[in-house]
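Me: I would like a close look at one part of this model. Please take a charged pair as the starting point, then work outwards.

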Amino acid sequence: VEKTNGGFAWGGSLGLAPAYDKLIRVERMLNFDPEPQLLASILAKKISVGSKYILIDIPCGNGAKVSREEAEKLSKKFIKIGNRFDLKIRVVLTKGDEPIGNGIGPVLEMMDVLKVLNRDDPPKDLEEKSIYIASEILEMMRKAKKGQGKEIAREVLNSGRALKKFNEIIDAQGRKNIELKTAKFSFDVKADRTGKVKKIDNKGINLIAKVLGCPNNIGAGIYLYKHIGDSVKKREKILTLYSESKRKLNEGVRYYRENDVIRI
């Protein structure tokens, strides 16, 4: 961080909140996420590294972890606790009624991120959300005037400066030249009719991803070809499931077929 003014941390890899890192492993297996621990874990990690400005994104809506009303209450709690630690906190509520981007799973999500950074036919919803989040941080820190954050964020992305900084941070943290490969087994789910995508059940998608082996098997997951409102033709691919285990792949396919995960 001292060398590059940036860093990446995910999933307890730096031991920023060691007590919670142990708890979260239990919660993940139980599919359990109590609100008090959610508040504590998120802020504990930020406080432990000396953050002064914090932006928290709460996706909300149908299929998200929380409704709009619950997200607004959660937002007030984050700000209240943050004030006790003299933190400058901004909470944004974003649309969470479907996955952002096309990939669900570590490798598939990183492929999406690289498409955005490389300007290589990126998922537009992921790109726009990234620009929005960046603009909020720029304006909060007064690096951009109110209303001009998006313009600056977009210029940084389009100019290649975002990709350059991304690579600089990875080199400083110790680049591992790991090939981004999807899991060994895959299955294409095709539309059974022509129409428009009316609904994507986030919770159902999340559960299938876990059944397939996410996030422990980094190549496992789901690739979405369609989003809500998109037109689809009969027999057209709507998603692909990936798993390192044939048994887990079959379980994922079975869950998809037995539940109303994507409605056309």
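Is Glu127 buried or exposed, and what is its relative accessible area?

Reply: First, a caution: this is a predicted model.

Glu127 is buried, because its relative accessible area is 3%, and the cut-off for buried is under 20%. Its side chain still has a charged partner. Glu127 and Arg119 meet in a salt bridge, with N to O at 3.1 Å. Arg119 has another status: with a relative accessible area of 29%, Arg119 is partly exposed. So this bridge joins a buried acid to a partly exposed base. The pair does not stand alone. Lys124 joins Arg119 and Glu127 in a network of salt bridges. Side chains of opposite charge can pair when their charged atoms come close.

The structure holds 18 salt bridges. Two others serve as a check on the pair above. Take Arg161 and Glu155. Their side chains meet at 2.7 Å, N to O. Arg161 counts as partly exposed, because its relative accessibility is 49%. Glu155 is also partly exposed, at 39%.

Now take Glu251 and Arg247. Their closest N and O atoms are 2.7 Å apart, in a salt bridge. Both residues lie in helix α9, which covers residues 246-258. They are four residues apart, about one turn of the helix. Glu251 is partly exposed at 28%. Arg247 counts as exposed, because its relative accessibility is 53% and the exposed class begins over 50%.

Just before that helix in the numbering comes strand β9, residues 237-243, which holds Ser243. Ser243 is buried, with a relative accessible area of 0%. A polar atom of the Ser243 side chain lies 3.1 Å from the backbone nitrogen of Ser245. Ser243 also has contacts farther along the chain, beyond four places in sequence. Among them are Ala183, Lys184 and Phe185. Leu212 and Ala220 touch Ser243 too. So do Lys248 and Leu249.

Another buried site is Ala64, in the loop between β1 (53-60) and α3 (68-84). Its relative accessible area is 9%, so Ala64 counts as buried. Leaving out residues up to four places away, Ala64 touches Pro59, Gly96, Asn202 and Lys203. Asp201 is 137 residues away along the chain, yet the C-alpha atoms of Ala64 and Asp201 are separated by 8.6 Å.

Next, the cysteines. Cys60 counts as buried, because its relative accessibility is 7%. Cys214 is buried as well, at 13%. A disulfide is a covalent bond between the sulfur atoms of two cysteines. The structure holds zero disulfides.

Last, a part of the surface without charge. Val26, Leu30 and Phe32 form a nonpolar patch there. Together they have about 320 Å² of accessible area. Val26 sits in helix α1, residues 18-30. Its relative accessibility is 46%, so Val26 counts as partly exposed.

Back to the starting point. Glu127 is buried at 3%, and its bridge to Arg119 belongs to a network that includes Lys124.

Note on methods
Residues numbered from 1 in each chain as written. Predicted model: local features only at pLDDT ≥ 70, side-chain atom pairs only at ≥ 80, totals over all residues. Heavy atoms only, no water. Patch = residues over 30% accessible without salt bridge, like charges linked within 9 Å, V, L, I, M, F, W, Y side chains within 5 Å. Areas by Shrake-Rupley, 256 points an atom, 1.4 Å probe, with all protein chains shown as cover. Salt bridge = Lys/Arg side-chain N within 4 Å of Asp/Glu carboxyl O. Helix = DSSP H or I, 4+ residues; strand = E, 2+ residues; numbered from the N terminus. Buried < 20%, exposed > 50% of the residue type's maximum accessible area, 1.4 Å probe, protein only. Disulfide = S-S within 2.5 Å. Polar contact = N/O pair within 3.5 Å; in protein donor to acceptor, adjacent residues only side chain to side chain. Contact = heavy atoms within 4.5 Å.
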